[in-house]
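Reader: I'm new to this one, so could you take me through a single part of it slowly? I'd like a close look at the place where the two domains meet.

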Amino acid sequence: MNPPLPLSEKILSRLPSEIVRPTYDRSRVKTGIVHVGVGGFHRSHEAFYTDRLLQSENASEWGICGVGLRDADRKMATLLKQQDYLYTLLVKDSDGNIESRVIGSIVDYMMGCDDPAAVIDRMAHPETKIVSLTITEGGYNVDAETGEFDTSNPDAQHDVRNPSQPRLVFGFLTAALQKRRKSGLPPFTIQSCDNIQHNGDLTRKMLVGFARLQDEELAGWIERDVSFPNAMVDRITPVTTEADIEYLRSQYNLRDDWPVVCEPFCQWVVEDCFSNGRPNWQDVGVQFVPDVSPYEKMKLRLLNAGHSVLGILGSVFGYQTIDECVGDDLFRSYLRQFFDREATPVLDDVEGIDLDEYKATLIQRFGNPNIRDHLARICLESSSKLPVFLIPTIRENLARGGSIQYAAFVVATWCYYSDKQADRHGQQLDVKDAFKSELHRAATATSENRLSFLKFKPVFGDLAENERFAKTYTEMIDRVYRTPDVTKHMRAIMANEIGS
Ligand code: CS2
């Protein structure tokens, strides 16, 4: 067999016919969008929608220039460049069918840490109309106690002192907006694609908070004139494995060093307030609505929270993937009960969506055996996920006298997980979290004070002061420390034997 063909522009026409590929002229595509944080999710979602648009109509002003800000992004920069910024999206159905699709919407990539001026210039270029972001829940630099921009972050302080050499995304955005303003250009729209409720509003608040440290007037202009559409984003995108790379090699004799895997389901609901134009994404399935809040809340509190529930309980039990968890009747019922008893009662009505159907679909999506979404990915950075996905549901249920035990047990199990960093058999877990050592310290102190973990304010705020929650949580802690076989306690919770 011939050596595999490395993916590049010039081999597109030689690809096997089963592979969908760009048929538009990529050399004519300009970069109307600069995207910060090109990981799997951006490549399976915004870049996918944009590729479909470029494919279906003349939209050549809407290509994407990827930007990496950290040294860790170098691998992406190098590989994409080698492949003329092309990559394969493997859309895996639960019946085993795999659609392979080469995506061409990313047409350039820049490293902010190597050449900040070039990235600022690109953002400030008249062709740039949108700067979009996937910088993770933790990337917004929120001070957990005040909810304001965290000025104690050394990188933020560095950026205030060195406006032309920024490190944080906020420094880049401010410098580029300043440049546009000086040259009389309209600002770009800033489009957050992270899993945070009111992600646009939060981005505005943090950016204005940062800009104010540099220039009050500029901050006022940003607050007034820049638009930050809120959005709900959704597509399950597990980590790419060697087997995915091998699949393309053996199936198609194609060498793609970093393909992306995802499920068939894809959703993007966006508020239609773009100050400087936008692609006709509605032509390829994006939904534009006046108020995205009910959609975001539904998705964060069901899908993302559901992931965290299974991720934490499943990890301690010794499962590896989400589909393994929902394949277990007990875990699946626990999840459904959590959805029905705790998450749903605090949701708003969502126009055009039947919540029962939505939940059933979620469980099916989680069960897709070809996605093999690892619990390690789900549990990554739980300290910035739970305050968005799970804790608000607990708080709202406390306020209305609703059920809390399903979620309380997850928090207690997370304490055990952070303490032992191992599953119930003592098998080491790969914990990755910005607060890993703080969480570990707080969790190990449980033996002296059963509320010590819950008193970790950056995650839980004042939750430990709520008597009802503290009581239920303590009961759960006693149980999980007595025996980390979580299934015993899950059964007891479902039988209403514990928690109140
Ligand atoms: C997951 C999300 O990170 C997580 O914990 O819940 O990455 C999830 O897979 C996506 O939001 C799906 O749209």
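Author: Sure, let's start with the salt bridges: there are two between domain 1 and domain 2, where a salt bridge is a side-chain nitrogen of Lys or Arg within 4 Å of a carboxyl oxygen of Asp or Glu. Before going on, keep in mind that this is a predicted model, in which local features need pLDDT of at least 70 and side-chain atom pairs count only at pLDDT 80 or more, while totals for chains, interfaces and linings use all residues. Residues are numbered from 1 along each chain as its sequence is written, and side-chain values use heavy atoms, with hydrogens and water left out.

Now, which pieces are we talking about? The protein chain is split into domain 1 (5-289) and domain 2 (293-494), with bounds that come from an automatic or database domain assignment. Measuring over C-alpha atoms, you'd find their centres 29 Å apart.

Back to those charged pairs. Side chains of opposite charge can pair when their charged atoms come close. Here, Arg365 makes a salt bridge with Asp234, with 3.0 Å between the closest N and O atoms. Across the whole structure, the salt bridges number 31.

Between domain 1 and domain 2 you'll also find eight residue pairs in polar contact, both residues at pLDDT 80 or more. That term means a pair of N or O atoms within 3.5 Å; within protein, one must be able to donate a hydrogen and the other to accept it, and residues adjacent in sequence count only if both atoms are side-chain atoms.

So what does the domain 1 side look like? Four elements each give two or more residues to the side touching domain 2: β9 (231-234), β11 (260-262), β12 (267-271) and β13 (287-289). These labels follow DSSP runs numbered from the N terminus, with helices (H or I) of at least four residues and strands (E) of at least two. The most comes from β9, which gives four residues. Sorted by type, this side has 14 nonpolar, 10 polar and nine charged residues. For that sorting, Ala, Val, Leu, Ile, Met, Phe, Trp, Tyr, Cys and Pro are nonpolar, Asp, Glu, Lys and Arg are charged, and the others, Gly among them, are polar.

Counting contacts (heavy atoms within 4.5 Å), 33 residues of domain 1 meet 27 residues of domain 2. As for area, the two domains bury about 2,200 Å² between them, with 58% of it on carbon and sulfur atoms. Buried area here is the accessible area (1.4 Å probe) that two parts lose on being put together, summed over both. Within domain 1, the residues losing the most area to domain 2 are Gln197, Met232 and Ile236, together 25% of what that side buries.
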